[in-house]
Amino acid sequence: MAAPPARSRPILVTGALGQIGSELVPALRSRYGNDQVIASDVRVEPFAGPTGFPSEHLDCTDISQLQDFVWRHDVGTIYHLVALLSATAEAKPQVAWSVNMGSLYNVLEVARRCRCSVFFPSSIGAFGPTTPRDRTPQVTIQRPTTIYGVTKVAGELLCDYYAHRFGVDARGLRLPGLISYVAPPGGGTTDYAVDIFYQAIRYRHYVCFLAADTRLDMMYMPDAIRAMIELMEADPGRLRFRNAYNVTAMSITPAELAAEIRKHIPDFVIEYRVDPVRQAIAESWPRSMDDSAAREDWGWRPKYTLSEMVEDMLARLTERLKSADTSE
Ligand code: AKB
């Protein structure tokens, strides 16, 4: 990555204790300095927690709390990570709408008033069963059939509206399933690709809730974090799109991931007990996205292939689980 641009106003990360925030906050701090990045979450952790950093309490569904927070800290950029993931959202659609959309509306409104930039994580979930599933284009049909997808498409449109109508510098990525060892995801359809590593290391056995041949886009978290930072630092004049750019690193099935893990843990066994809800969600999503617009406009390139990701993930998660076991 190029040298970081000078910053005058700090960055706020909302939902910082989740899967992405747990790695985004340290990455932003090492790039811009500790005092330039404020971590916030609606959860209150008495200690630093698994992420290793303390965070401030902030409920983004309360606009006056958010407005006060942004004024008080003179925030200049908001990475808005608050959201219920696809499977949880499907179980609680009303809550998903009010959290995912309510918080995003508040963030954009406060960004308009306080002249903040906004990062919004969209998802492969923003597509639906009528979208072309292979090499899914940057601009295509978006008729998702999940409430999660509805909030992602509406979120993309709302960000674009605020960008065009009010000049808010809002940018976003359509992220695939993210694989990481720092904090587990919760309630997603792609979570199998993280769970499988925990179970492979601990028990050499995993029962997968998606069918063996369910192909979906995935990305290792270090690539995803770099993508977010690179997009937010990109020259705005080069961005043909704002919300949101397709990005991907690999298109894999549970069977292929298990075969790669077996190269390191030869006695690893995977079984399949398909959860119809998550299987239906997965089958409505792209098998692989075309991310050429991101490559052309701001130089996006993933670094980790499937084999590099599996090797790194197994080494780091084994280390992490060992130190967690010894500290218990
Ligand atoms: C989920 O599975 O809900 C998320 C996503 C792909 O947006 N990981």
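# Exercises on a predicted model

Threonine 253 sits in the loop that runs between β11 (250-252) and α8 (254-262), in a structure that is a predicted model.

## Exercise 1

Determine whether threonine 253 is buried or exposed, and describe its surroundings.

**Solution.** Begin with the accessibility: the relative accessible area of threonine 253 is 6%, and because the limit for a buried residue is under 20%, threonine 253 counts as buried. Next, collect its contacts, leaving aside residues up to four places away in sequence, which gives Tyr192, Ala212, Asp213, Thr214 and Arg215. Finally, look for a polar partner among these neighbours: a polar atom of the threonine 253 side chain lies 3.5 Å from the backbone oxygen of alanine 212.

## Exercise 2

Locate aspartate 191, classify its exposure, and identify the backbone nitrogen that its side chain reaches.

**Solution.** Aspartate 191 belongs to the loop between β7 (177-179) and α6 (192-203). With a relative accessibility of 7%, aspartate 191 is classed as buried. Its contacts, again without residues up to four places away in sequence, are Leu85, Pro185, Gly186 and Phe209. The backbone nitrogen in question is that of glycine 188, which the side chain of aspartate 191 reaches at 2.9 Å. As a last step, compare sequence with space: isoleucine 20 is 171 residues from aspartate 191 along the chain, while their C-alpha atoms are separated by 13 Å.

## Exercise 3

Establish how many disulfides the structure contains, and account for cysteine 159.

**Solution.** A search of the whole structure returns 0 disulfides. Cysteine 114 is in none, the nearest cysteine sulfur being that of cysteine 116 at 5.2 Å, whereas a disulfide requires sulfur atoms within 2.5 Å. For cysteine 159, the closest cysteine sulfur is also in cysteine 116, but it is 13 Å away and therefore too far for a bond. Both residues are nevertheless buried, cysteine 114 with a relative accessible area of 9% and cysteine 159 with one of 0%.

## Exercise 4

Find the cavities of 30 Å³ or more and characterise the lining of the largest cavity.

**Solution.** The search over the whole structure yields 1 cavity of that size, and the volume of the largest cavity is about 60 Å³. Its lining consists of His80, Val82, Ala83, Asn100, Met101, Leu104, Phe120, Thr151, Lys152 and Gly155. Assigning these residues to elements shows that α4 (93-114) and α5 (147-166) are the ones that contribute two or more residues. Sorted by character, the lining comprises 5 nonpolar, 4 polar and 1 charged.

Methods:
Residues numbered from 1 in each chain as written. Predicted model: local features only at pLDDT ≥ 70, side-chain atom pairs only at ≥ 80, totals over all residues. Heavy atoms only, no water. Helix = DSSP H or I, 4+ residues; strand = E, 2+ residues; numbered from the N terminus. Buried < 20%, exposed > 50% of the residue type's maximum accessible area, 1.4 Å probe, protein only. Polar contact = N/O pair within 3.5 Å; in protein donor to acceptor, adjacent residues only side chain to side chain. Contact = heavy atoms within 4.5 Å. 1 Å grid on protein atoms, 1.4 Å probe; cavity = no way out; pocket = protein on both sides within 12 Å on 5 of 7 lines; lining within 4 Å. Points joined across faces, edges and corners; volume = space filled by probe spheres on them. Nonpolar A, V, L, I, M, F, W, Y, C, P; charged D, E, K, R; others polar.
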